[in-house]
Amino acid sequence: MEKIRRNNVVSLIMNICIVLFTTHCMIETFRTDIVRDPKWFGLSGIHSLRFFTVLSNLFVAIVGIVIIVYAIKNLIHDTNNYPKWLTLLKHISTTAVTLTFVTVVFFLAPTYVTMGYSYFDMFTGNNFYMHLVTPLLAIISFVLFEPLHQVTTKNNFWVLLPVALYSIMYFVMVVLVGEENGGWADFYNFTFGGHNWAIPLSATGMLLVTFGLGFLLLKLHNKANKKM
């Protein structure tokens with residue numbers, strides 16, 4: 001029981017950090033009306049919501065708020081009661097920010113190096129939290145300190161939903177609408193230099209990676225859960 005209480009405390013602290021960091025980043029984003037180079041991931045205000053990075057961080061922070069409420073309740077009543085749907089939401093949101101982290105580390109940062117940026121420019125300012133700190137906090141808390149319920153392989157298909165919805169939106173705004181008509185620039189370079197046919201291939205690849213990341217996270221989470 002002492003281990004469960006300790007895990008609740010650590011989970012509470014980590015989720016508070018996630019919420020505070022995300023809140024800080026969003027305040028910094030909305031406090032300026034300056035719209036900078038979209039290739040620098042510097043769009044401000046409402047325009048920042050076009051990035052999967054921002055959306056995934058908001059998602060895991062919202063889930064974090066719910067976990068904070070349950071963690072405090074459990075600590076007060078010395079229980080360990082969490083609904084199964086909350087475990088599922090934490091799994092989905094953690095997979096989303098893990099995808100953000102992996103994409104930046106292995107694809108975006110190396111790509112932007114070829115455009116004259118430094119690899120570590122992707123981890124400065126708000127992106128230090130959104131690309132690195134928050135994803136790592138979400139992964140560690142979910143895997144090690146939130147063994148609430150087992151996650152089945154069947155449930156892993158839910159992690160595809162955020163990516164699938166975003167892929168559709170990205171295709172519409174980048175290809176069907178186009179930047180010249182008020183749509184989006186290909187800031188993720190999923191067209192690989194203007195080849196619109198590459199976006200469905202990119203989306204398929206991202207879905208496969210997402211499923212693999214979700215599967216890895218659920219396996220690690222379930223292993224920790226068995227020790228409780």
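**Note on the predicted all-chain model**

1. The chain has an accessible surface of about 11300 Å², and carbon and sulfur atoms contribute 70% of that area. The model is a predicted one, and the points below should be read with that in mind.

2. Secondary structure is simple to list. The chain holds six helices and zero strands. Read from the N terminus, the order of elements is α-α-α-α-α-α.

3. On overall dimensions, the radius of gyration of the chain is 18 Å; a compact globule with 228 residues would have a value near 17 Å, so the two agree. Along the principal axes, the C-alpha atoms occupy a box of roughly 60 × 40 × 30 Å.

4. On packing, 48% of the 228 residues in the chain are buried. Among contacts with a separation of 6 or more, 72% join residues that lie 24 or more positions apart.

5. On charge, the chain carries 15 positive and 10 negative charges. The mean position of the positive charges lies 17 Å from that of the negative ones.

6. One residue can be described individually. Thr103 sits in helix H3, which spans residues 84–113. Its relative accessible area is 11%, and because the cut-off for buried is under 20%, Thr103 counts as buried. Leaving aside residues up to four places away in sequence, Thr103 touches Leu108 and Met206. Of these partners, Leu108 has a number within the range of helix H3, residues 84–113, whereas Met206 has a number outside that range.

Notes. Residues numbered from 1 in each chain as written. Predicted model: local features only at pLDDT ≥ 70, side-chain atom pairs only at ≥ 80, totals over all residues. Heavy atoms only, no water. Helix = DSSP H or I, 4+ residues; strand = E, 2+ residues; numbered from the N terminus. Rg over C-alpha atoms; globule rule 2.2 N^0.38 Å. Buried < 20%, exposed > 50% of the residue type's maximum accessible area, 1.4 Å probe, protein only. Contact = heavy atoms within 4.5 Å. Areas by Shrake-Rupley, 256 points an atom, 1.4 Å probe, with all protein chains shown as cover. Lys, Arg positive; Asp, Glu negative; His and termini not counted. Charge placed at Lys NZ, Arg CZ, Asp CG, Glu CD.
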